[in-house]
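Biologist: I am new to this structure and should like to understand how its descriptions are justified. May I put some questions to you as we look at the model?

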Amino acid sequence: MNTSQVISSSHASDAGEERILRYTLSERINHWIAGLTYVYCLITGLAFWSPYMSWLNELTGGGPTARFWHPWYGLIFTASVFWMYKIWRGDMRMTNEDLAWKKAMPHYIRNEDENLPPIWRFNYGQKLFFWLTFYGTILLLLSGFGLWFVESIPWSLRWLRYLSVTVHVAAALATIGGFIIHVYMGTAMVRGGFTSIIRGEVSTAWAKTHHRLWYEQVTKQNSARK
C-alpha cells in the first residue's frame with residue numbers, strides 16, 4: 001500500500017472540515033523537482049530550437065551556461081520521473097472505471113462532476129499525462145545522449161544524429177503540450193488540485209467528489225487499523 005493512501009491524523013481545518021492526506025512530503029518534493037527542472041529544460045530547449053526564441057537564454061544565464069546545464073537538469077528530471085514511475089505505476093494502470101470516466105468526459109469539461117462515474121486515485125486524463133511524460137522522458141533521454149555526445153557519433157552513422165534531433169524535438173513538443181494542459185487543469189480547472197500538491201491534503205468532500213473510489217479505499221483502510 002502506498003503511504004500516501006492513508007488518512008492523515010484526522011483533524012478539522014479552520015473551516016471545520018476534515019482533511020485527508022493525498023500526497024506525502026516526499027511525493028510533493030519530487031513533483032516540484034520534476035516540474036522545476038522540466039521548466040528549465042523547456043526554456044533552454046526552446047532557445048536552442050529556434051533563433052526567434054534565443055532571447056530565452058538570457059533568463060538562464062546566457063547561451064553557454066544554458067548549453068552546459070541543460071543536459072544535467074535533464075538527467076535530474078529523468079531521475080525524478082523514474083522515481084514517480086516506481087511509486088505510482090500501480091495507481092497509473094488503466095482500469096474499467098477509467099474507461100467509463102473517459103466516456104463521460106464531456107461532463108468533466110462542463111464541470112458537471114456530479115455526473116461523472118467514481119474513480120480511483122488518479123483520473124483518466126492524469127494517467128494519460130503520466131504515461132505521455134514517462135515514455136516521452138525515455139525518448140528525450142536517449143535522443144539527448146545523441147545530441148550531448150554528437151561528436152562521438154562517427155560520420156558513417158550520421159543518421160543517428162539526424163534521428164536524435166527529430167526524436168528530441170518530437171518528444172519535447174509532445175510533453176510540452178501535455179505539460180500545458182496539466183498545469184491548466186491543476187490550477188484553473190480543478191479547484192483544490194494545485195493546493196493539494198503544496199500542502200499534501202484535500203478535504204474529504206473534495207476526495208469524495210473527484211476520486212470517490214480512492215476515498216472509500218483509504219477510509220476503509222483507516223478504519224481497519226483502528
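Biologist: What makes the meeting of the side chains of R121 and E27 a salt bridge?

Modeller: This is a predicted model, and in it the nitrogen-to-oxygen separation between the side chains of R121 and E27 is 3.3 Å. The term requires a side-chain nitrogen of Lys or Arg within 4 Å of a carboxyl oxygen of Asp or Glu. The value of 3.3 Å satisfies that cut-off, and the pair therefore counts as a salt bridge. Side chains of opposite charge can pair when their charged atoms come close.

Biologist: Why is the pair of R121 and E27 said to tie together parts that are apart in sequence?

Modeller: R121 belongs to the loop between α4 (105-109) and α5, whereas E27 sits in helix α1 (residues 25-49), so the pair links parts that are 94 residues apart in sequence. A search of the whole structure yields 3 salt bridges.

Biologist: Why is α3 called roughly perpendicular to α5?

Modeller: Helix α3 (residues 96-103) packs against helix α5 (residues 124-148) at an angle of about 110°, and their axes are 9 Å apart. Angles of 65 to 115 degrees count as roughly perpendicular. The angle of about 110° falls in that range, so α3 is described as roughly perpendicular to α5.

Biologist: Which residues make this contact, and how do they divide by character?

Modeller: From α3 come D98, W101 and K102, and from α5 come Y124, G125 and K127. They comprise 2 nonpolar, 1 polar and 3 charged residues.

Biologist: What else is in contact with a residue of α5, for instance L141?

Modeller: L141, which is found in helix α5, is in contact with L75 and T78, once its neighbours within four places in sequence are left aside. Contact here requires heavy atoms within 4.5 Å.

Biologist: Into which domains is the protein divided?

Modeller: The assignment gives domain 1 (1-21 + 200-226) and domain 2 (22-183). Their centres, taken over C-alpha atoms, are separated by 29 Å. The contact involves 17 residues from domain 1 and 17 residues from domain 2.

Biologist: How much area do domain 1 and domain 2 bury between them, and how many salt bridges cross the interface?

Modeller: They bury about 1,300 Å², with 59% of it on carbon and sulfur atoms. The rule finds 0 salt bridges across the interface of domain 1 and domain 2.

Biologist: What is the overall make-up of the protein?

Modeller: The protein has 9 helices and 2 strands, and along the sequence they follow the pattern β-α-α-α-α-α-α-α-β-α-α.

Conventions:
Residues are numbered from 1 along each chain as its sequence is written. This is a predicted model: local features need pLDDT of at least 70, side-chain atom pairs count only at pLDDT 80 or more; totals for chains, interfaces and linings use all residues. Side-chain values use heavy atoms; hydrogens and water are left out. Axes are lines fitted to C-alpha atoms, for helices over the stretch in contact, and angles run from 0 to 180 degrees between N-to-C directions. Helices (H or I, at least four residues) and strands (E, at least two) are DSSP runs, numbered from the N terminus. Angles under 35 degrees count as roughly parallel, over 145 as roughly antiparallel, 65 to 115 as roughly perpendicular and the rest as oblique. Ala, Val, Leu, Ile, Met, Phe, Trp, Tyr, Cys and Pro count as nonpolar, Asp, Glu, Lys and Arg as charged, and the others, Gly among them, as polar. Domain bounds come from an automatic or database domain assignment. Buried area is the accessible area (1.4 Å probe) that two parts lose on being put together, summed over both.
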